[in-house]
Amino acid sequence: MEIVAEAVISVSLEVLFKKLASSDLLKFAHQEHLQAQLQKWDKKLLAIPEVLDDAEEKQITNQLVKAWLADLRDFAYDMEDVLDEFSYEALRRKLVAEADDGEGSTSKVRRFIPTCCTTFSAPFGCMRNVKMGSKIKEITARLQVIYAQKTELGLDRVAAITQSTWERPLTTSLAYEPWFYGRDADKQVIINMLLRDEPSETNVSVVSIVAMGGMGKTTLARLVYDDVETTKHFNPKAWVCVSDQFEAARVTKTIVDSVTSQSNDSLDFNRNQDKLRKELKGKRFLVVLVDMWNENYGDWCCLQSPFLSGSRGSKIIVTTRSKKVAIMMGGDKNSIELKSLSDDESSSVFNNHAFGSTNIDEHSNLAFIGKEIVKKCGGLPLAVKALGGLLRHEHREDKWNIILNSKIWELSGDKCGIIPALRLSCNHLSSLKRRFGYCGMFPQDFEFDKEELTGLWMAESLIPQSERYGILMEDIGDDYFQELLSRSFFQPSNSIESKFVMHDLVNNLAKFVSKEVCFSMEENSKSNEQQNISRRTREIPDSFGNLKHLRYLNLSETPIKWLPESIGNLYNLETLILSYCENLLRLPRRIGNLVNLRHLDITGTYLQEMPSHMGKLTSLQVLSNFIVSKENGSLNVKESMNMSQLGRRHSISELENVVNVQDARDANLNKKHKLEELRIEWSYWLAESQINERNQMDVLESLQPHLNLKTLGICCYGGSEFPRWCTSLLPA
């Protein structure tokens, strides 16, 4: 039975409340005599969130409640679009007013704003637009119906399970599992299989770990892979996630990269196979193939060809859900089939995740309920961990009983591929649910970056703006990410440091949560197809500037030469990624209009200069490179003075163009306390010359960073000595 995810709705309502409280929107509403209308919307909406948990539970048996939730979800999206129209118009008017106040109606800044958008009167006034007026009436009528149906359906307020406290976990690229119960004997059996020198037709043999999803195959393989005995016995070692989309070329390349400890850009299958054969020749190696689905013997023969050059005793570990795969690969002789955890083992896992360091004896009532919950998990480690993480530090007995007695246990997991325990853990994620559901767009085994996901969440308004209290959206997003990680919805990648993945079952759950509001190209495209489409993009049309709701734009690794000036109309844009656009010649002059821009990545580009008015981008958190120019109308180093939130990695290049040393002081690097890595550089052609040596010394002296800086790089500096602040950064 399908259910409508309250996850999507609850966060959408959060977004609406934030927008309705925006000072710019309220000012705009006052100008257009709409404040009374917005107040009515806000009042009725406030009565909705408190009944969502009740509706989520009742929809399982009541189709009318399910339909009400679907209508509410669609309404929330439509209302958000209308409020975005208001906000965009409010911001546009604010920019025009600032331009007029600053330099008059003929200023350069004013000329950057399209003439069709510099009048407040009809036909361009948003509120005087007949279409927008009809949308307002429609929103009002639909909200009234939804509000009335809430009472008719008998929806009541139900207290949601929340985390009373949350401890930020330490993260690592290794699959560290301190509470790995019930698998010690299995681990030793596998290690014995690996170390055993048995007769074989070839020098390499296969060890298979077979079990259904969520049984801990990957974690067990990782513990074996990292074991001291294994590490001493095998060299080299390689770890590859195969997944259901078997690509021999990709798998071969990954193994080559691992055994050579070098990144290899070539996807030439024959070339990589030959290189791998040479690297493995005469060596006793260990290769782990995780999540193997392909039952085609021909594909396996093609992949394994280089393995035959290894020394006697070489081994391959394969984890799979299919016995047929194990037999096809020859791993049936050395095979172990994982069984479900016993109730006692499951309880040990659950208690460690639910109680942490808390003394269980102090909560004997909860421990008893926990045993009953564990019995419903069927000995599945992933489900036990998920529910233990859900109830971590939750000491209210009624909340535990909500989990134990939920009707979701009655739903069959076979019909939708979602284990009831996992679905239940997701239903009680509270405000995290839509953020988790958004990840349903990721293909299975997709490795994602924390900062990239946070930027995408921001673009979808899934992170509230609380910067008036000094808390950045990026920091809030990091907290959300860490909490999902602590509850086992995310896990560190085994192959790429700093990347993360989702278990297949968790990925299915995310897709289930978001299937009616998100679209994934995974089923209809190969894994690299989207990237290829992107790399064929050569020109961005001027009409791109009409995408006024756009908040995230990634054009990295495309052959574009420039961006249209209409990009300056994207006032809501928060992230612009242009990394490795090697043909990019310039940025649009009107980029200063992007007052909400927080991330501008131009890493790997060959821009010769940057436009003026970059200093208006005071919301920037990430600016990969600041290119100084000495030409009038171009970028002066002092324009970064108001970019006080710059953090992570930052470069300042072509510093030979700083004519006035005071401009370097005005950049206020010593006040940018969030910078972690800083690169200061002059052009390479100055490296061996004595030109302006005094100027370079004075400029470097003026660019003293904050003491929080962790890494400093100084390139092509022509001064005879370094300033004192450089030596003060050195460790004692």
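## Exercises on a predicted model

N296 caps the N-terminal end of helix α13, with a side-chain oxygen 2.8 Å from the backbone nitrogen of G298. Keep in mind that this is a predicted model. Let's work through it.

### Exercise 1: Helix α13 and the loop after it

**Task.** Find out which residues of α13 (residues 297-304) are buried, and what they pack against.

**Solution.**
- Step 1. Look for the buried positions: they are W300, L303 and Q304.
- Step 2. Ask where they point. They cover an arc of only 90 degrees around the axis, so they sit on the same side of α13.
- Step 3. Recall the general rule: an α-helix has 3.6 residues a turn, so residues three or four places apart point the same way.
- Step 4. List the partners. The buried residues of α13 pack against the strands β1 (204-210), β3 (286-292) and β4 (314-320), and also against the helices α11 (248-260), α12 (269-280) and α14 (323-328).
- Step 5. Walk on into the loop between α13 and β4, where you'll meet S309. The S309 side chain reaches the backbone oxygen of P306 at 2.8 Å. Skip the neighbours within four places in sequence, and S309 is in contact with R277, L280, K281 and G282.

### Exercise 2: Checking the span of α15

**Task.** Compare the span of α15 (residues 343-355) with the expected value, then see what surrounds the helix.

**Solution.**
- Step 1. Count the residues: α15 has 13.
- Step 2. At 1.5 Å a residue, 18 Å is expected; from first C-alpha to last, α15 reaches 17 Å, which is close to that.
- Step 3. Check burial. The buried residues of α15 include V349, F350 and F355.
- Step 4. See what covers them: α16 (364-375), α17 (381-390) and α18 (397-404) are among the elements that do.
- Step 5. Step just past the end of α15, and G356 takes a positive phi of about 60 degrees.

### Exercise 3: Is F86 buried or exposed?

**Task.** Locate F86, and decide whether F86 is buried or exposed.

**Solution.**
- Step 1. F86 lies in helix α5 (residues 63-103).
- Step 2. Buried means under 20% relative accessible area. F86 has 2%, so F86 counts as buried.
- Step 3. Now compare sequence with space: F86 and D24 are 62 residues apart in sequence, and their C-alpha atoms are 9.4 Å apart.

### Exercise 4: Hunting for unusual backbone

**Task.** Work out what is unusual about the backbone at P236, H613 and C716.

**Solution.**
- Step 1. Start with the general picture: most residues other than glycine have a negative phi, and most peptide bonds are trans.
- Step 2. The bond from N235 to P236 is cis, with omega near 10 degrees. P236 sits in the loop between α10 (228-233) and β2 (237-243).
- Step 3. H613 isn't glycine, yet its phi is positive, near 70 degrees. H613 is in the loop between β11 (599-601) and β12 (622-623), and at 22% relative accessible area H613 is partly exposed.
- Step 4. C716 also isn't glycine, and its phi is positive too, near 55 degrees. You'll find C716 in the loop between β16 (711-715) and α27 (724-728); C716 is partly exposed at 26%.

### Exercise 5: The cores

**Task.** Which residues have the most contacts inside the largest nonpolar core?

**Solution.**
- Step 1. The largest nonpolar core has 75 residues, and I373, F436, W457 and F490 have the most contacts inside it.
- Step 2. Zoom in on W457. Beyond four places in sequence, W457 touches residues including Y438, L462, Y480 and F490.
- Step 3. Look for a second, separate core: it has 51 residues, among them L570, C581, L600 and L669.

How values were computed
Residues are numbered from 1 along each chain as its sequence is written. This is a predicted model: local features need pLDDT of at least 70, side-chain atom pairs count only at pLDDT 80 or more; totals for chains, interfaces and linings use all residues. Side-chain values use heavy atoms; hydrogens and water are left out. Buried means under 20% relative accessible area, exposed over 50%, partly exposed in between (1.4 Å probe, protein chains only). Helices (H or I, at least four residues) and strands (E, at least two) are DSSP runs, numbered from the N terminus. The arc is that of the directions from the helix axis to the C-beta atoms. Contact means heavy atoms within 4.5 Å. A polar contact is a pair of N or O atoms within 3.5 Å; within protein, one must be able to donate a hydrogen and the other to accept it, and residues adjacent in sequence count only if both atoms are side-chain atoms. The expected span of a helix is 1.5 Å times one less than its number of residues. A nonpolar core is a set of buried Ala, Val, Leu, Ile, Met, Phe, Trp, Tyr and Cys residues joined through side-chain atoms within 4.5 Å.
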